[in-house]
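Open the model in your viewer and keep the sequence panel in reach. The tour below goes stop by stop.

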Amino acid sequence: MTGAAPDRAPLLEALSTDLDPDLLELALTHRSFAYENGGIPHNERLEFLGDSILGQAVTVMLYRENPTLDEGELAKRRASLVSSVALAEVARSIDLGRFLRLGRGEELTGGREKSSILADAVEALIGAVYLDAGGDVATTVVLRLLAPLLADPERFGAAMDPKTSLQEISARRGVGLPAYSVTDSGPDHSKRFHATVTVGTLITAEGDGSSKKQAEMAAALEAWTRLQQSGARK
């Protein structure tokens, strides 16, 4: 990666917490950058930790705030909020991609916009906050990051089931049904999937993930977002 690293103050402001500079740098370091720079540490261990903190924070919040929901509905909502699709949305809302340390290959292939990389970095940041400031602060950060999604019921619904939401909005607006194509790359034990969805002649969107379903969901949410913003009429 070339050029000076961007000022990270806006990122810390978005998190609304201070963070040890070394932990912050580690959270922002993708394995592609690490491998190209002598095998330095990268953010996957923090991602592992952050995933657990995220899951606990969301589970407790949903349990407390939805006393009438049964286990199945709670599990469905939790799955949507901790999904790569939702976390990539969170990352984009704080412009996280701009701060990532990526290797040249990822840089050249649009890594700063890849949903899988963005989602993993959000989890790594949560892990870093936990190590630096403890569980209470990490939980507060998690709920703050997810608040915009929870405050927008329509978008929350789309994040829960983006493929269905895209199909519904496409049908309402008479622009044709979504058509998906998926490619994969990498070894069998670590495949990555890239999905493209086309909605008539109006929208083409892309998404990445560790499974075909994940990639299609990411592409569908991107297409749904563009349709929402396009102002297209029924």
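How are α4 and α9 oriented to each other: roughly parallel or roughly perpendicular? Keep in mind that this is a predicted model.

**Stop 1: α4 and α9**

Select α4 and α9. Their axes come within 10 Å and cross at roughly 65°. Angles of 65 to 115 degrees count as roughly perpendicular, and α4 and α9 are therefore roughly perpendicular to each other. The crossing of the two helices is right-handed.

Now show side chains. On the α4 side, pick I53, L54, A57, V58 and M61. They meet A138, T139, V142, L143, L146 and L150 of α9. Colour this contact by residue class: ten residues are nonpolar, one is polar and none is charged.

Centre on L143, which lies in helix α9. Is L143 buried or partly exposed? L143 is partly exposed, with a relative accessible area of 29%. Leaving aside neighbours within four places in sequence, L143 is in contact with A57 and M61. Next, draw a C-alpha to C-alpha distance from L143 to L54. The viewer should give 8.9 Å, for two residues 89 apart in sequence.

**Stop 2: α4 and α8**

Keep α4 and swap α9 for α8. Here the helices pack at an angle of about 80°, with their axes 6 Å apart. That makes α4 roughly perpendicular to α8.

Select the α4 face of this contact: L46, E47, L49, G50, D51, I53 and L54. From α8, add D120, E123, A124, I126, G127, A128, Y130 and L131. How many residues of the contact of α4 with α8 are charged? Four are charged, alongside nine nonpolar and two polar. Note that I53 and L54 take part here, and that both also meet α9.

**Stop 3: α4 and α5**

Stay on α4, residues 44-65, and bring in α5, residues 71-81. The two axes come within 10 Å and cross at roughly 140°. That makes α4 oblique to α5. The crossing is right-handed.

Show G55, V58, T59, M61, L62 and Y63 on α4. Opposite them, show L74, R77, R78 and L81 on α5. This contact divides into six nonpolar, two polar and two charged residues. V58 and M61 belong to this contact, and they appear in the α9 contact too.

**Stop 4: the nonpolar cores**

In soluble globular proteins, nonpolar side chains tend to be buried together.

Hide the helix pairs and turn to the largest nonpolar core, which has 43 residues. Which residues have the most contacts inside it? Select L11, L28, L96, L100 and L125. The elements that give two or more residues to this core are α1 (9-15), α2 (21-27), α4, α5, α6 (84-93), α8 (115-133) and α9 (135-151). Of these, α8 gives the most, with ten residues.

Zoom in on L125. Not counting residues up to four places away in sequence, L125 touches L11, L15, L19, L24, A27, L28 and L96. Apart from this core lies another, of 20 residues. Among its members are A195, V197, A205 and A218.

**Stop 5: A215**

Move to helix α12, residues 212-230, where A215 is found. Is A215 buried or exposed? A215 is buried, with a relative accessible area of 0%. Show what surrounds this residue. Leaving aside neighbours within four places in sequence, A215 is in contact with F193, H194, A195, G207, D208 and G209. One of these, A195, is a member of the 20-residue core.

For a longer reach, select R112 as well. The C-alpha atoms of A215 and R112 are separated by 16 Å, with their positions 103 residues apart along the chain.

**Stop 6: two positive phi angles**

Finish in the loops. Select S16, in the loop between α1 and α2. S16 has a positive phi of about 60° although it is not a glycine. S16 is partly exposed, with a relative accessible area of 45%.

Then select D95, in the loop between α6 and α7 (104-108). D95 is not a glycine either, yet has a positive phi of about 55°. What is the relative accessible area of D95? The value is 40%, and D95 is partly exposed.

Conventions
Residues are numbered from 1 along each chain as its sequence is written. This is a predicted model: local features need pLDDT of at least 70, side-chain atom pairs count only at pLDDT 80 or more; totals for chains, interfaces and linings use all residues. Side-chain values use heavy atoms; hydrogens and water are left out. Axes are lines fitted to C-alpha atoms, for helices over the stretch in contact, and angles run from 0 to 180 degrees between N-to-C directions. Helices (H or I, at least four residues) and strands (E, at least two) are DSSP runs, numbered from the N terminus. Angles under 35 degrees count as roughly parallel, over 145 as roughly antiparallel, 65 to 115 as roughly perpendicular and the rest as oblique. A crossing is left-handed if the near helix is turned anticlockwise from the far one by less than a right angle, and right-handed if clockwise. Contact means heavy atoms within 4.5 Å. Ala, Val, Leu, Ile, Met, Phe, Trp, Tyr, Cys and Pro count as nonpolar, Asp, Glu, Lys and Arg as charged, and the others, Gly among them, as polar. A nonpolar core is a set of buried Ala, Val, Leu, Ile, Met, Phe, Trp, Tyr and Cys residues joined through side-chain atoms within 4.5 Å. Buried means under 20% relative accessible area, exposed over 50%, partly exposed in between (1.4 Å probe, protein chains only).
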